[in-house]
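Let's take a walk through the charged pairs in this one. Have the structure open and follow along.

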Amino acid sequence: MAEELNEFQENANFDETKLMALSNVSARLRRMLLLDSDMEVVVVENELKRVPRQMEKVKEGQVMNNAGGFVFPVSDETQVRRFLIIGSDQGTYHQTSEKITMDNAQRIIKIIEQGNGHMVLRELALINAENRNPKMNAMLFTLAICSRVSTHDTTKNNECPLLHTYSKYIGELHAAALRLIPDVCRTPTHLFEFIDYCQTIAESTKAGGSKSSTGWGRSLRVAISNWYKSKTPEKLAMLLTKYPQREGWSHRDLFRLAHPNLMQDGESHTSRVDRLEREQLFRFAVKGDLVKRKRKVTMEEKAKIEETWDKKALKVPYTEDQLIKEEQSSALDLVEAYLKLKNEQNEELIVEAIKKHGLVREHLPTTSLNSKLIWETLFDVHMPMTAMIRNLAKMTVVGALDEQRVETIVKRLTDQEELRRSRIHPLNLLTARAVYAQGRGDKGSLKWEPNRKICDALEAGFYKAFVNSPPTGKRYCLALDVSGSMTSRVSSSPLSCREAATGMSLINLHNEAEVKCVAFCDKLTELPFTKDWTIAQVNDYVNRLSFGSTDCGLPMTWATENNLKFDVFIIYTDNDTWAGEIHPFEAIKKYREASGIHDAKVIVMAMQAYDYSIADPSDAGMLDITGFDSAVPQIVHEFVTGKI
């Protein structure tokens, strides 16, 4: 067969002209590549695309972000702080909320397993104490992880020194987390959510071989019992009636699982003057009713009550002071009023009860909450700040806000000290303003005519709720990422990351003298914002800008090309950059060289709880900040002035 083929073969001569066209275009391409050595070309959906340089790894330690660009991993402390403050309630442009939560949970567990549990709890405790987080979900979830992670049988001795120390470390971590419960779980809603997370974590782990852990070990039972025992009768009565159940949990459920028993405290309980009040309230938490007060019962009634009363309590006689305290108890009065009003329709009786006992909205029958008179009364009996902000729309709808009440609202919303005492986070005020100003809710059919004074007061309160810092006197470029991924919602809020970033940028615009604002995606737009622009005007302007891909290097590149002088660039972004030909960390280096401002700084204001940043950790002039931290002005001031 080979001989037959050879018979027909002719001597082949190489013809250079057949490859001439390829040779010419190859030489041209090589010359172009020499000029742009980092260029890469790929085929995407049958179309040639030039791969932006930001999608290439150019420095050791870079990692890929959700958009395919290369950025830098953040430190453990930064990631914990981001998750605690930003949370993961909302999905993002690239990830679902479940994926973000799972990624953060795995990162926190890894941090704990590496022996850094103290750092996690310290960050949690500090952020909670300083009210730097707008929502509690991520904080409660993290506290539950620290309370339940690596649960194991601590009664078994480990001869291995490492295992023995690790076991002791986990035990101390659990104990420390449980000690933080009273500080973090300030309301039953927080407590119920924390318990729900603990239960979920316990069910997903195993202890003692194949046996599934319930999560209700002795330490957790004691911690929950102490939460209830630590409250004064007045506080406990309010909490039991205002928050009877949340998240599928009730107080009865927790009492059934934790078994709080006042008599176990011995004389420290039986000698208290409010002993009878506490025992009555604990009974109410379990059975949902109160018994007649002891100084008002007949002998026959007394015998019947004692049949269902704690037998240990009956062995220790009540003192006269304890009987008087129970008889005159305002805490028990509140519970009795709450029970009487459950099906009450008489508006006058409800109003009288509100005035007499200081009842709040949650105490009242649902059918009464469309009454102008009842809302006026609730407001006049000093409505708590959070409740006032949450119910502005409803009070407007029913016509409860006359001029005098509006003035009171304005005064309270602009009172910095009351905002601080009430633990009102700036983002919650920004959200409240956005919802109230639009004149309709995101859910339901409720509509109202917004009051301009209230809108302005909510905006003024937004600025006052931050930790204030004096001006730095530096020149600022505030750069807003307006790319497609920034349309994702923020932490259980109707605000997009775009809108929240715009609001955050106004803090520096108001605080500093020399500020230039720009917006960027794959192109840069100069913004005409000045100090007299309102949040509504700024948001309307930004929302009209076109979307695009993300190039976080643009602000520095634009400043370099236009010979502009800035001491500080603040970039509000989700860090999903990929579309540029120069990495942001390279862009700031070139700007420093070209401008002669060798200490020019970049602050990255992270708007999502991802584990990466455009900030180069090896560059002391670049700082990553969690965007919704209420301490942002203070952190910016300290970084810009060289204190951190």
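Start with K516 and E526, whose side chains form a salt bridge with N and O 3.1 Å apart. This is a predicted model, by the way, so keep in mind that what you see here is computed. K516 sits in strand β8 (residues 514–520) and E526 in strand β9 (residues 524–527), so this contact ties together parts that are 10 residues apart in sequence. As for solvent, K516 is partly exposed at 26% relative accessibility, and E526 is also partly exposed, at 44%.

Now jump to R293 and D333. They make a salt bridge too, with the closest N and O atoms 2.6 Å apart. R293 lies in the loop between α14 (275–287) and α15 (299–308), while D333 belongs to helix α18 (residues 330–340), so the pair links parts 40 residues apart in sequence. Is R293 buried or exposed? With a relative accessibility of 4%, R293 falls under the 20% limit and counts as buried. Its partner D333, at 26%, is partly exposed.

For a pair within one helix, look at E417 and R420, which meet in a salt bridge at 2.4 Å, N to O. Both are in helix α24 (residues 416–421), 3 residues apart, which means about one helical turn separates them. E417 is partly exposed, with 36% relative accessible area, whereas R420 counts as exposed at 53%.

Not everything comes in twos, though: K372, E376, D380, D402 and R405 are joined in a network of salt bridges. Across the whole structure, there are 31 salt bridges.

Methods. Residues numbered from 1 in each chain as written. Predicted model: local features only at pLDDT ≥ 70, side-chain atom pairs only at ≥ 80, totals over all residues. Heavy atoms only, no water. Salt bridge = Lys/Arg side-chain N within 4 Å of Asp/Glu carboxyl O. Helix = DSSP H or I, 4+ residues; strand = E, 2+ residues; numbered from the N terminus. Buried < 20%, exposed > 50% of the residue type's maximum accessible area, 1.4 Å probe, protein only.
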